[in-house]
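This briefing is intended for a reader meeting the structure for the first time. Please keep the sequence and the model in view while reading.

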Protein chains: 2
Amino acid sequence: MRTSSEEDYLKAIYALSNNNEGASTNALANHLSMKASSITDMLKKLSDKGWVHYEKYKGASLNIDGKAIALSIVRKHRLWETFLVNKLNFKWDEVHEIAEQLEHIKSNELVDRLDDFLGNPKFDPHGDPIPNKDYEITDSRKRSYLSEVKINREVIIIGVKDSSAQLLQYLEKENMILGKHISVVEIHDFDKSLRIAINGKELNISERVAQNVLVQTN
Amino acid sequence: MRTSSEEDYLKAIYALSNNNEGASTNALANHLSMKASSITDMLKKLSDKGWVHYEKYKGASLNIDGKAIALSIVRKHRLWETFLVNKLNFKWDEVHEIAEQLEHIKSNELVDRLDDFLGNPKFDPHGDPIPNKDYEITDSRKRSYLSEVKINREVIIIGVKDSSAQLLQYLEKENMILGKHISVVEIHDFDKSLRIAINGKELNISERVAQNVLVQTN
DNA sequence: ACTTATTTTTAGGCAAAACTAAATATTTTT
DNA sequence: AAAAATATTTAGTTTTGCCTAAAAATAAGT
């Protein structure tokens, strides 16, 4: 058995492990809005349980079992978000908090049935890939940030880096939603803001926004 | 704010308050599978929060706010059970435990949208009435236990008293499901078991089973 | 009415998961 | 390479929600 709290830590380590190394104590503390000392405590416990590789002063990384758990939580989170948006008509900026609770509901049968009920979706409402029953993520699309796209190259919006309600609401208002085709018309030297073409019109967006929009480049 | 544990206690007090009085410490301990001393602790806290009327040695009853919370949990529990059975094709004996978890998810918006999504059902898969958005329960059907029905009176199965998986599976096997019309053919003096007519056939059931089946008598 | 049985409360303890403050490691800067 | 800054751990505390064991109150039996 495991607690919701343990699941939160495993998910955080997964989120902060960018291919390369694991996650540092401070990064985890920041991500989870907790104090570093609390992180140290829990990392010891997770290490004892065999879910995490932890060495003093060297951060933590998931081992096989821990990664499976983390992926199962991510899978649940994204399936529930999809349910909330596709079936209950929530908007994409309203579902994160609720899914944070729903992701801890324990029942494999429930998750798999929900998956089928939703038609085995590959992506959630923010464009993030949903791990399948075997916790595999298959996403062959080449992705980059809008801030890195070359001028006049047509790309498709496929996700957001940070799915905070503020960003999502902004994008919604500008109709920069998933699936839209866009291209960068001009990059302003002064502040690196972009002029983009979308929906047959042109509009300006800040570098900050562009750094948080994921686009497909193939 | 309130914890899942507090919600469990309020729900238990609600369940054990049969119109008349409130619930005793021991009854709550038994219902919640906890020790009496734990109950006393929590009753003090719930009383401080203004949700429960508690007097030493005299048990506990819900006040206005506590009853509203209890009903909101009951509403969520029954709506989620309905979702699991009607949308995810769970069987009626498989949903209780999952709904025990789901009932603690916090979001009024979620509950109300779920209610609409399900078509504002009046009863859950076990025949229990679902409180509406204002926590009102409207159920004008006259109900009694099958064990108390007079011979040859036709009645309709509308619920179960105890919704344990064992009972539900038994009823399912005998096709004694909600909505079925039945009548008592004979009552055996020896053990008070019943011979009932259902689905054009006759079958025997124990007194124990009959005491747990609710039927509509009007 | 008084003794026994049952119920309930009190008192003290424990584990989980967070915290603060202080101590120790590591990293960065000069 | 030493000093300063930053990161991490240790040690001790708090709160929540449960527990056991013992004490006290209430209810039941003769």
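The notes below cover the two DNA strands, the contact between the protein chains, and the domains of chain A.

The model is a predicted one. In it, 20 residues surround DNA strand D, and 20 residues lie around DNA strand C. Chain A and chain B also touch each other, with 20 residues from chain A and 20 residues from chain B taking part.

**Surroundings of DNA strand C**

- The residues that come nearest to DNA strand C are Lys45(A), Asn26(B), Lys44(B), Tyr54(B) and Lys56(B).
- Sugar or phosphate accounts for 81% of the atoms of DNA strand C within 4 Å of the protein, and bases account for the rest.
- A base oxygen of DNA strand C is 2.9 Å from a polar side-chain atom of Ser37(A).
- Ser38(A) places a polar side-chain atom 2.6 Å from a phosphate oxygen of this strand, while a polar side-chain atom of Tyr57(A) lies 3.1 Å from a sugar or linking oxygen.
- The elements giving two or more residues to the surface near DNA strand C are helix H1 (4–16) and H3 of chain A, along with helix H2 (25–32) and H3 of chain B.
- Sorted by class, the surface near DNA strand C comprises 6 nonpolar, 9 polar and 5 charged residues.

**Surroundings of DNA strand D**

- The closest residues to DNA strand D are Lys44(A), Tyr54(A), Lys56(A), Ser38(B) and Lys45(B).
- Of the atoms of DNA strand D within 4 Å of the protein, 80% are part of sugar or phosphate, and the rest are part of bases.
- The side chain of Tyr54(A) has an N or O atom 2.3 Å from a phosphate oxygen of DNA strand D.
- From chain B, the side chain of Asp41(B) has an N or O atom 3.4 Å from a base nitrogen of DNA strand D, and a polar side-chain atom of Tyr57(B) is 3.2 Å from a sugar or linking oxygen of the strand.
- Two or more residues of the surface near DNA strand D come from each of these elements: helix H2 (25–32) and helix H3 (36–48) of chain A, and helix H1 (4–16) and helix H3 (36–48) of chain B.
- The surface near DNA strand D has 6 nonpolar, 9 polar and 5 charged residues by class.

**Contact between chain A and chain B**

- About 1600 Å² of area is buried between chain A and chain B, and carbon and sulfur atoms give 74% of it.
- Leu88(A), Gln101(A) and Arg113(A) together provide 32% of the area that chain A buries against chain B, which is more than any other three residues.
- Between chain A and chain B, 6 residue pairs are in polar contact, whereas 0 salt bridges are found across the interface.
- On the side of chain A that touches chain B, two or more residues come from each of helix H4 (64–86), helix H5 (96–102) and helix H6 (108–117) of chain A.
- Among these elements, H6(A) gives the most to that side, with 5 residues.
- The side of chain A that touches chain B has 11 nonpolar, 4 polar and 5 charged residues.

**Domains of chain A**

- Chain A is divided into domain 1 (4–62) and domain 2 (143–216).
- The C-alpha centres of domain 1 and domain 2 of chain A are 33 Å apart.

Notes: Residues numbered from 1 in each chain as written. Chains lettered and ligands numbered in written order. Predicted model: local features only at pLDDT ≥ 70, side-chain atom pairs only at ≥ 80, totals over all residues. Heavy atoms only, no water. Near = heavy atom within 4 Å. Polar contact = N/O pair within 3.5 Å; in protein donor to acceptor, adjacent residues only side chain to side chain. Helix = DSSP H or I, 4+ residues; strand = E, 2+ residues; numbered from the N terminus. Nonpolar A, V, L, I, M, F, W, Y, C, P; charged D, E, K, R; others polar. Domains from an automatic or database assignment. Contact = heavy atoms within 4.5 Å. Buried area = accessible area lost by both parts, 1.4 Å probe. Salt bridge = Lys/Arg side-chain N within 4 Å of Asp/Glu carboxyl O.
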